[in-house]
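Student: Hey, can we go through this protein together? I'd like to practise reading a structure step by step.

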Amino acid sequence: MRHGKKINHLGRTTSHRNAMLSNMASSLILHKRITTTVAKAKALRKFVEPLLTKSKNDTTHSRRLVFSEIGNKEVLKELFGTVAAKVAGRPGGYTRIIKLSQNRLGDNAELCIIELVDFNETLLEAKNAGEAKATTTRRSRRGGSKKAADAETSAEVVAEAKPAKKAKAATTEVAAPEDTATETLKDGETREEKAAE
């Protein structure tokens with residue numbers, strides 16, 4: 001049973017664990033990304049995210065609370081300056097853990113990268129490009145001439161279709177069936193009777 005095992009002690013005494021997490025948080029805030037083991041990264045995330053939340057409210061009290069945990073004035077200045085400005089609009093989830101494929105050679109521990117989400121420029125550019133692409137290529141099914149819209153969509157389908165195998169024939173265009181007018185039936189009347197009229 002795992003009663004009362006809320007935190008991972010990481011095989012250290014309390015003072016050693018707190019000092020290690022404080023130093024790792026300082027490194028993360030200064031460098032925006034560090035490489036460590038998965039267990040330490042998960043413990044660090046629980047330690048550093050409340051500090052990032054406190055940094056969004058730049059008061060003397062919140063600065064003193066964060067300084068009591070970190071104890072480094074340069075890190076405090078960086079946290080309440082550039083980092084707080086970037087994470088101001090984010091309601092939590094300031095860090096990202098990316099697992100690495102290779103384990104550590106000495107003890108085979110799982111390695112990972114923990115980083116601040118708002119400072120990974122390559123992922124932010126990819127996300128913004130994806131959002132821009134999604135907004136520009138979206139088309140409405142209604143409005144405009146129907147035949148022109150059908151011609152555009154069928155041309156796109158043919159252009160985007162990939163050849164599955166060399167033996168298969170080329171793709172052919174299939175048009176959607178035309179809309180048919182519907183008529184309301186009276187009580188007790190069947191479709192055959194209506195067609196006969």
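Tutor: Sure, here are some questions and answers about this predicted model.

Student: Let's get an overview. In what pattern do the helices and strands follow each other along the sequence?

Tutor: Start by counting the pieces: the protein has 7 helices and 3 strands. Then read along the sequence and write down each element as it comes. That gives you the pattern α-β-α-α-α-β-β-α-α-α.

Student: In what order do the strands lie in the sheet?

Tutor: Look at who pairs with whom. β1 and β3 pair in the antiparallel sense over 5 bridges, and another 5 bridges join strand β2 (residues 95-99) to β3, again antiparallel. Put those pairings together and you get an open sheet in the order β1-β3-β2.

Student: And which strands are at the edges?

Tutor: An edge strand is one that pairs on one side only. With the order β1-β3-β2 in mind, you can pick them out: the edge strands are β1 and β2.

Student: Which residue of β3 is the bridge partner of Ile34?

Tutor: Go to the antiparallel pairing of β1 and β3. For comparison, on the β2 side Thr95 stands opposite Leu116 in β3. For Ile34, the bridge partner in β3 is Ile114.

Student: How many residues of strand β3 are buried?

Tutor: Check both ways the side chains point. Leu111, Ile113 and Glu115 point one way from β3, while Cys112, Ile114 and Leu116 point the other way, and all are buried. The strand is therefore largely enclosed by the rest of the structure, and the count of buried residues is 6 of the 6.

Student: Which helix packs on the sheet, touching β1, β2 and β3?

Tutor: First picture the sheet, an open one with antiparallel pairing, whose twist averages 25° from one strand to the next. The helix you want covers residues 14-31, and its direction makes about 145° with that of β1. It's helix α1.

Student: Now Thr37: is it buried or exposed?

Tutor: Thr37 is found in strand β1 (residues 33-37). It touches Arg104, Ala109, Glu110, Leu111 and Cys112, leaving aside residues up to four places away in sequence. Its relative accessibility is 9%, and the cut-off for buried is under 20%, so Thr37 counts as buried.

Student: What about Lys32, is it buried or exposed?

Tutor: Lys32 has its place in the loop between α1 and β1. Its phi is positive, about 70°, although it is not a glycine. With a relative accessible area of 14%, Lys32 is buried.

Student: And Asn108, buried or exposed?

Tutor: Asn108 lies in the loop between β2 and β3. It also has a positive phi, near 65°, in a residue other than glycine. Its relative accessible area is 54%, and over 50% is the mark to pass, so Asn108 is exposed.

Student: Over the ring of which residue does the charged end of Lys86 sit?

Tutor: Look for a ring whose centre is 5.1 Å from that charged end. The charged end of Lys32 sits over this ring too, also 5.1 Å from its centre. The ring belongs to Phe119.

Student: How many aromatic pairs does a search of the whole structure find?

Tutor: This one is about ring against ring, not charge against ring. A pair needs ring centres within 6.5 Å of each other. Searching the whole structure, you end up with 0.

Student: How far apart are Val83 and Ser55 in space, C-alpha to C-alpha?

Tutor: Val83 sits in helix α4 (residues 73-86), where it is buried, with a relative accessible area of 0%. Among the residues it touches are Ile29, Lys32, Leu52 and Phe119. In sequence, Val83 and Ser55 are 28 residues apart, but in space the distance is 8.3 Å.

Student: Last one: what share of the protein's residues count as buried?

Tutor: Start from the outside: the accessible surface comes to about 15,100 Å², and 53% of it belongs to carbon and sulfur atoms. Then look at contacts between residues at least 6 apart in sequence, where 54% join residues at least 24 apart. As for burial, of the 197 residues the share is 25%.

Technical notes
Residues numbered from 1 in each chain as written. Predicted model: local features only at pLDDT ≥ 70, side-chain atom pairs only at ≥ 80, totals over all residues. Heavy atoms only, no water. Phe/Tyr/Trp six-rings, centres within 6.5 Å; stacked < 30°, edge-to-face > 60°. Lys NZ or Arg CZ within 6 Å of the ring centre and 35° of its normal. Helix = DSSP H or I, 4+ residues; strand = E, 2+ residues; numbered from the N terminus. Buried < 20%, exposed > 50% of the residue type's maximum accessible area, 1.4 Å probe, protein only. Contact = heavy atoms within 4.5 Å. Areas by Shrake-Rupley, 256 points an atom, 1.4 Å probe, with all protein chains shown as cover. Pairing = 2+ DSSP bridges. Axes fitted to C-alpha atoms, helices over the stretch in contact; angles between N-to-C directions.
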